[in-house]
Amino acid sequence: MLASRIYQFLVNKYRYYVAPVLYRFTLGYKVKKLQGKDCVNVLFVLTEIGTWKTRMLYLEMLGHPRFNPTLGVSASAEKPSSKLDLMEYLTAKKYDYLDLDIDTEKAFAQISPDIIFYQKPYKVYQPEIYFYKHRRALFCHATYGFHSIDDAWAVCNLFYRFTWQQYFENVLTVNSKYIGKMFDGKKQALVTGLPVMDLLLQPKEKSSDPWKPLNRNCKRIIYAPHHTIAEEHVTGFAISSFLETGEIMRQMMHKYADRIQWCFKPHPLLYAKLVKIWGKERADEYYNDWKTAENSQFEDGEYDALFKYSNAMIHDCCSFTIEYHYTHNPVLFLIRQEGYEANRNEFARKAFDLHYKGHTEEEIDGFIRNVLDGVDPLKEDRQEYFDRYLLPPNGKSACQNIINAILGQDEYSKR
C-alpha cells in the first residue's frame, strides 16, 4: 500500500521524467507476455477521418490469426464535430467500432487492449481516453504524416516517452535528430515503413474516382492550403500562405474554368481560423465558391484516391510535401516565408526540393500553364526520390513489417 502511494506521488509530481522510467521498468515483461499470446488485442483510438492513417494496418490485423483489432471512436478536443463524420464514415465502410465516450471504463474493460494506437500523439483526447489512464497496455505509434520536422515541439511530448515501438519510413528518417530526442530511440525506433505508404502505393484502380464528372476533358489540380496562417501562428510554424495567395487561387479556378477541374482540399482547421480573422460571412462565401463552381469541388476527408486521380497539386502543407510524390505528378509549393525548410530533416528537404515554388500570381499561373502543356523538368528527379525513399523495406508492405516487429519475427526477431 505504501509503495503504491509513493509510486503515485512520483508519477504525479515528476511524470515527464520518473513515470516513463517506472513504466519502462516493466516493459520487458509486458513484451514477452504479449509476444507469447495466441491473440493480441489491439485498440485504434480514432477522432477524425482525414488523419486516420492506420486503416491499412487495421485491415491487415483483421485478417491475421494472432490479432484482434478494435476501432474506438472519441471526440477530438481540436474538432469535436469530426466525431459524427467519422462514425458515419465507419458505418458506410461497414467497420465495427465502439464509442469510447459513452462509458469509457466499460469500453476499455471490454476491449482489454494489449496494444493501443493513438491517432495523434498530442493531448487531443478526452481525459479518460488519454494514454496516461491506460498504462497497462503497450503503446505503438505510426504517425499520421511523414517524419519531416526536427523541431523539439514535434518530438518532445509525454506520449513518446512511453511508446514501446515507433515506426519510421526509411533509414534517412530514423537517423535524423528526431531519434536523439526520444526517450530510448535506439530501441523504440524501427524502420518498417508507415501504413500510409501502403495506402498510397495501392493502384488507383482499387479506389473509385472521387472527382465529379464533367462533360469535357480537363486537367485536375488540387489546391490544399494549410491552417497555419500568420495571424494565428505569428512566429515559428506559420507556413501557410493562404492570406497572401488564397484569392489568387480562387481567381485561377475561375480563369481556367474551361480547361482545369479543381478540388479545394483545405486543412480541416483552416475554416475556424478564417472565421476568427475574416468573420463567418466572408469565410463561408470563399468556401462556397469552391464548393459550387461547376469546375470545382470540396474535400475534407480521405484523399488518397483524390491524389491518384489528379494531375497536379498546389499546396503549402507539410505532410503533402512527401505524400503527393507517390502520384509522380508535378506539384507547386506556395512559399510564404524564406527558410521554410530550415527545421525539416533531410528526407523532407529532399522532397521539398522536388517541388516547383511560387508566391506571386505570375509564378502560380506559370505552373498551371506548364501542367496544361505537359512541361515538367523535375519528373525524373522525383522518380529517383520515390525509388530510393518511398518504398517500405524488406520487400514487404509496411503493415507486414509492423506486424512482424510487434510479434518479434523475421527481420525484427532480435528487437
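The following questions and answers go through contacts, burial and backbone angles in a predicted model.

Biologist: How many aromatic pairs are there, and is the pair of Phe44 and Phe117 stacked or edge-to-face?
Modeller: The count of aromatic pairs comes to 44. For Phe44 and Phe117, the ring centres are 5.1 Å apart and the planes meet at 15°. Planes under 30 degrees apart count as stacked. The pair of Phe44 and Phe117 is therefore stacked.

Biologist: How many residues apart in sequence are the parts that Phe44 and Phe117 tie together?
Modeller: Phe44 belongs to strand 1 (residues 40–46), and Phe117 belongs to strand 4 (residues 115–118). The pair therefore ties together parts whose separation in sequence is 73 residues.

Biologist: Is Phe117 buried or exposed?
Modeller: Buried means under 20% relative accessible area. Its partner Phe44, at 0% relative accessibility, counts as buried. Phe117 has a relative accessible area of 2%, so Phe117 is buried.

Biologist: What is the geometry of the aromatic pair formed by Phe242 and Trp278: stacked, edge-to-face or tilted?
Modeller: The centre-to-centre distance between Phe242 and Trp278 is 5.6 Å, and the angle between the planes is 45°. Stacked needs planes under 30 degrees apart and edge-to-face needs over 60. The pair of Phe242 and Trp278 is tilted.

Biologist: Which helices does the pair of Phe242 and Trp278 link?
Modeller: Phe242 and Trp278 are 36 residues apart, and the pair links distant parts of the chain. Both Phe242 and Trp278 are buried. Phe242 is in helix 12 (residues 242–255), and Trp278 is in helix 13 (residues 270–278).

Biologist: Which residues are linked into a cluster by ring pairs?
Modeller: Rings pair if their centres lie within 6.5 Å. Ring pairs of this kind link a cluster of Tyr and Phe residues. Its members are Tyr23, Tyr118, Tyr125, Tyr130, Phe131, Tyr132, Phe139, Phe159, Tyr160 and Phe162.

Biologist: How many salt bridges does the structure hold, and what is the N to O distance between Lys37 and Asp114?
Modeller: Side chains of opposite charge can pair when their charged atoms come close. The structure holds 20 salt bridges. In the one between Lys37 and Asp114, the N to O distance is 2.8 Å.

Biologist: Where do Lys37 and Asp114 lie, and is Asp114 buried or exposed?
Modeller: Lys37 sits in the loop between helix 3 (27–35) and strand 1, and Asp114 in the loop between helix 6 (104–111) and strand 4, 77 residues apart. Lys37 has a relative accessible area of 25%, so Lys37 is partly exposed. Asp114 stands at 17% relative accessibility, and therefore counts as buried.

Biologist: Which elements hold the salt bridge of Asp99 and Lys83, and are both residues buried or exposed?
Modeller: The side chains of Asp99 and Lys83 meet at 2.9 Å, N to O. Asp99 is in strand 3 (residues 97–99) and Lys83 in helix 5 (residues 82–93), so parts 16 residues apart in sequence are tied together. Both Asp99 and Lys83 are buried.

Biologist: Which residues make up the network of salt bridges that includes Arg250 and Glu285?
Modeller: Arg250 and Glu285 form a salt bridge at 2.9 Å, N to O. Arg250 lies in helix 12 and Glu285 in helix 14 (residues 280–292), so the pair ties together parts 35 residues apart in sequence. Arg250 is buried at 11% relative accessible area, whereas Glu285 is partly exposed at 41%. The linked residues are Glu247, Arg250, Glu285 and Asp289.

Biologist: Which residues gather in a patch of negative charge on the surface?
Modeller: One of them is Asp387, found in helix 19 (residues 379–389). Asp387 counts as partly exposed because its relative accessibility is 44%. The patch is formed by Glu380, Asp381, Glu384 and Asp387.

Biologist: What is the phi of Asp410?
Modeller: Most residues other than glycine have a negative phi. Asp410 lies in the segment after helix 20 (398–407), and counts as partly exposed at 49% relative accessibility. Asp410 is not a glycine, yet its phi is positive, at about 50°.

Biologist: What is the phi of His328?
Modeller: His328 is in the loop between helix 16 (318–323) and strand 12 (331–334). At 30% relative accessibility, His328 is partly exposed. Its phi is positive in a residue other than glycine, near 70°.

Terms used:
Residues numbered from 1 in each chain as written. Predicted model: local features only at pLDDT ≥ 70, side-chain atom pairs only at ≥ 80, totals over all residues. Heavy atoms only, no water. Patch = residues over 30% accessible without salt bridge, like charges linked within 9 Å, V, L, I, M, F, W, Y side chains within 5 Å. Areas by Shrake-Rupley, 256 points an atom, 1.4 Å probe, with all protein chains shown as cover. Salt bridge = Lys/Arg side-chain N within 4 Å of Asp/Glu carboxyl O. Lys, Arg positive; Asp, Glu negative; His and termini not counted. Charge placed at Lys NZ, Arg CZ, Asp CG, Glu CD. Helix = DSSP H or I, 4+ residues; strand = E, 2+ residues; numbered from the N terminus. Buried < 20%, exposed > 50% of the residue type's maximum accessible area, 1.4 Å probe, protein only. Phe/Tyr/Trp six-rings, centres within 6.5 Å; stacked < 30°, edge-to-face > 60°.
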